[in-house]
Amino acid sequence: MSRKIEWGRGFVHLTLLLLAVVCIVPLLLVVSASFSDETAIAEYGYTIIPKSISMYAYRYILSNPSQIFSAYEVTIIVTIVGTALSLLISSCLAYALSRRDFAYRRGFAFFIYFTMLFNGGLVPSYMLVTQTLHLKNSLGSLILPYLIVPWFVLLLRTYFSEIPEPLLESAKLEGAGELRILWNIVLPLSLPAIATVGLFIILMYWNDWYLALLYLDDSHKFPLQYLLYTIMQNLSAIKANPMPGMAIHLPGENTRMAIAVLATGPILFVFLFVQRYFVAGLKVGAVKG
């Protein structure tokens, strides 16, 4: 029996190792292609080790470093502020939904579920942000639309519902209010769920470019993803409609890969900090609340 268990563990470890290789190899190919020469990519394709090292793609993208640094600054500010506010509001709403003694629990739950199925559409959302709230060309337009995501609220509600009710009742008997119970008891016991949902929110804000496309005209406020998207669109437009007599060498695939590295590289470090909470929080939503 012990030998069968060892063989089973070995099979599981081998399977996980193969899956890790499958996940890591594409990342290595992207990084390698970003440092490769365009002609080498066309001749040899994507390789783990660059056949001919070239920094031309990065020099082209970073030809105006102040613009890239400004885009990084905007993205970092939007991600930090948006994640903090979204977690705060979502946690408070999820806590209210998890309390069975909350009188308006069903009404709030209905609004949450309803917005998962229906929404006002693009035109009403655009009019609300630009004409009613007057947030056009402001960082608020990049933060406000994602403050409450119904799916994340439901995940937190399910996790909060698993906290023993007698623990909360004993805190009430000691004189603790709802805010103190939430801050000192519920949130510390729900760190895996908070970290998991927080990571999803960080990725959502960091990778977003669509809101900038809708609400921003000022290039100084472009977030990183939209700036890189604009660079790629400009390259595609120039290649599709070259000017007569233009002999400028424009990067291609290596630039795409360099943009991918610049866009996703910094966010990988965030995962390292929340990895242990993320693994523990994989059970969020698995148990019926």
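# A guided tour of a helical model

Start with the ribbon view of the whole protein, which reads α-α-α-α-α-α-α-α-α-α-α-α-α-α along the sequence. Colour by secondary structure and you will find 14 helices and zero strands; both are DSSP runs numbered from the N terminus, with helices being H or I of at least four residues and strands being E of at least two.

Before you click further, note that this is a predicted model, in which local features need pLDDT of at least 70 and side-chain atom pairs count only at pLDDT 80 or more, while totals for chains, interfaces and linings use all residues. Residues are numbered from 1 along each chain as its sequence is written, and side-chain values use heavy atoms, with hydrogens and water left out.

**The whole protein**

Switch on the surface. About 17,700 Å² is exposed, and carbon and sulfur atoms supply 69% of it (Shrake-Rupley method, 1.4 Å probe). Of the 289 residues, 37% count as buried, that is, under 20% relative accessible area with a 1.4 Å probe and protein chains only. Among contacts with a separation of 6 or more, 73% join residues 24 or more positions apart; a contact means heavy atoms within 4.5 Å.

**Stop one: the largest pocket**

Rolling a probe the size of a water molecule over the atoms shows where empty space is left. On a 1 Å grid over the protein atoms alone, a pocket is an open set of points with protein on both sides within 12 Å along at least five of seven lines; a cavity is a set where a 1.4 Å probe fits but cannot get out, and lining residues have an atom within 4 Å of a point. Points are joined across faces, edges and corners, and a volume is the space filled by probe spheres set on them.

The largest pocket holds about 840 Å³ of space. Select N119, S125, P145, Y146 and I148, the closest to its centre among the 26 lining residues. Then add α5 (105-117), α6 (122-132), α8 (150-161) and α12 (210-215), each of which supplies at least two residues of this lining. What classes of residue make up the lining of the largest pocket? There are 21 nonpolar, five polar and no charged residues. Here Ala, Val, Leu, Ile, Met, Phe, Trp, Tyr, Cys and Pro count as nonpolar, Asp, Glu, Lys and Arg as charged, and the others, Gly among them, as polar.

**Stop two: the second largest pocket**

Next, select Y60, I61, S63, N64, Q67, I68, L227, T230, I231 and N234, which line the second largest pocket. Its space is about 150 Å³. The helices α3 (56-61), α4 (65-98) and α13 (224-240) each give at least two lining residues, and α13 has the largest share with four. By class, this lining has five nonpolar, five polar and no charged residues.

**Stop three: the enclosed spaces**

Now clip the view to look inside, where there are two cavities of 30 Å³ or more. For the largest cavity, select V74, T75, V78, L142, Y205, W206, D208, P223 and Q225. The elements giving two or more residues to its lining are α4 and α11 (191-207), and α4 gives the most, with three. The largest cavity has a volume of about 60 Å³.

Finish at the second largest cavity, with a volume of about 50 Å³. Select S32, A33, S36, A40, I41, G45, Y46, T47 and K51 to see its lining, to which α1 (2-34) and α2 (38-44) each supply at least two residues.

Methods:
Buried < 20%, exposed > 50% of the residue type's maximum accessible area, 1.4 Å probe, protein only.
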